[in-house]
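Trainee: I should like to learn how the features of a structure are read. May we work through one together?

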Amino acid sequence: MNYKKKIPFTTFLASLIVAFFVDIKCINYILKAMVNVEEDRGFMPILYSIIGATILFVAIIQKTSLSKINKYVIFISLFIVAWFQYTNMTIGVPRVPFQFLCVFTLLAFVAPSIVQINPKTFIKSVMLLPSIGIVYSSSIFSTQDSANDTISMQISYAFLVPVIASIIYLKLYYKHENRNWKIIGALAVLINSLYCYQMLSFGSRGPFLCIISLLLYFVLVKKRNGSGVRLQKSKSLFILILFFFISIFILETLTLISSALHAVGLNLNVIDKNIVKIHETGDISNGRDYIAGLAVQEIYKNPILGYGLDQFENNTGIVYPHNFILQILYDGGLVFFSLLLVPVIYKLYKRIKTCDENEYSLIPFFFFISVPGALLSSDLWYNERLWIFFGVIFAPYFFYRKLKKSVLF
């Protein structure tokens, strides 16, 4: 059987556009460095407008049938819109403006149900699109205006996306490439490795957790022949015991790692910041434990319905709970938790349990660029990566499956 047929051009286009969507924040930083723009948002409003319109256009030319769109995605989307309007009229003005909610929440959530992508093309596009930024990396990752010689958390999470894509590409796709694509792929991986080094040296700890979590996933969870995965039980037990001892001797472990890295000339902020925080306050959470405790106390007072969409700042003076599960419970109580997160967890379990090669590569990508970081930071309603992950879990036709191999990208 001849599998070397081109994937449909509309699928290729959808793969490229969705890749641009998840890369959009790091592309924005690259464009700002190219034209020397200082304004915080840069080109994001126009980029999101163009990409949003293009996703809808691709959905039309792919002739997406309404019958294929997950009805529960439509229900949750309409629920969020109605809930926003109810909160705005009867409780208080949500922190997130409605137009931002439409892009960062609703578009991201619905997109996987209305377009179809090729997994390999998508991963390669995510990895390749930011490559041009290496020319401007000294400007993008500059610490000149920082009081503590670090880059912003936003930059760290922005460039996490192509780094995660590069790891998945190396693990699952690189060995199957032809000679020319191996050269191009290796160059892109090298560039993203340099981004990764800058992130670890000067950036936030959250992206480091995402990278480590993905590596552990590939060590512990193996693809079965056919469908599904298997857990490496002996390795999992060893990692669990190791994690237990590290948590007990956290300062000693971090000091040992830091000293070893310093000995070879490496100073990684993701390690050193933890040591500083332990010495200064004894709290490596940087105040997040206090915020989480406050959120839990308030959730306990109103556990069923919550306080309304994006009301945490209005009620506490703190912008958001820095944990998407707590924010779901705070904003919508057990009702919203049951409507959104319980089905997501159940469907994620089912998808991983029966996954094919496409799901084995793509679901971890969307999970590890969003969930670990969203457990530590980011406003739920501005986190488009988390919502596209939710959307992927609900979308059965998001991954193009007809061909085992393709020659178009």
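Mentor: The discussion below goes from the overall fold to the cysteines and then to a single residue. Please note that this is a predicted model.

Trainee: How many helices and strands are there in the chain?

Mentor: The chain holds 18 helices and two strands. Its radius of gyration is 21 Å, close to the 22 Å that the globule rule gives for 409 residues, so the chain is as compact as a globular protein of that length. The C-alpha trace spans about 65 × 60 × 50 Å along its principal axes.

Trainee: What share of the residues in the chain is buried?

Mentor: A residue is called buried when its relative accessible area is under 20%. Buried residues make up 50% of the 409 in the chain. Contacts add to this picture: of those with a separation of 6 or more, 77% are between residues 24 or more positions apart.

Trainee: What does the chain expose, and which atoms supply 65% of that area?

Mentor: The chain exposes about 19900 Å², and carbon and sulfur atoms supply 65% of this area. As for charge, there are 36 positive and 21 negative side chains. The centres of these two sets lie 20 Å apart.

Trainee: How many disulfides does a search of the whole structure find?

Mentor: A disulfide is a covalent bond between the sulfur atoms of two cysteines. The search of the whole structure finds zero disulfides. Cys-26 is in none, and the nearest cysteine sulfur, that of Cys-196, is 14 Å away. Cys-196 is likewise in no disulfide; for Cys-196 the nearest cysteine sulfur belongs to Cys-210, at 11 Å. Two cysteine sulfur atoms would have to lie within 2.5 Å to count as a disulfide.

Trainee: Are Cys-26 and Cys-196 buried or exposed?

Mentor: Cys-26 has a relative accessible area of 0% and is therefore buried. Cys-196 is buried as well, with a relative accessible area of 14%.

Trainee: Let us turn to a single residue. In which helix is Asn-192 found?

Mentor: Asn-192 is found in helix 8, which comprises residues 179–202. With a relative accessible area of 2%, Asn-192 is buried.

Trainee: Which residues is Asn-192 in contact with, leaving aside its neighbours within four places in sequence?

Mentor: With those neighbours set aside, Asn-192 is in contact with Met-127, Pro-162, Val-163 and Ser-166. A further pair shows how sequence and space are read together: Asn-192 and Ile-167 are 25 residues apart in sequence, and their C-alpha atoms are 9.5 Å apart in space.

Key
Residues numbered from 1 in each chain as written. Predicted model: local features only at pLDDT ≥ 70, side-chain atom pairs only at ≥ 80, totals over all residues. Heavy atoms only, no water. Buried < 20%, exposed > 50% of the residue type's maximum accessible area, 1.4 Å probe, protein only. Helix = DSSP H or I, 4+ residues; strand = E, 2+ residues; numbered from the N terminus. Rg over C-alpha atoms; globule rule 2.2 N^0.38 Å. Contact = heavy atoms within 4.5 Å. Areas by Shrake-Rupley, 256 points an atom, 1.4 Å probe, with all protein chains shown as cover. Lys, Arg positive; Asp, Glu negative; His and termini not counted. Charge placed at Lys NZ, Arg CZ, Asp CG, Glu CD.
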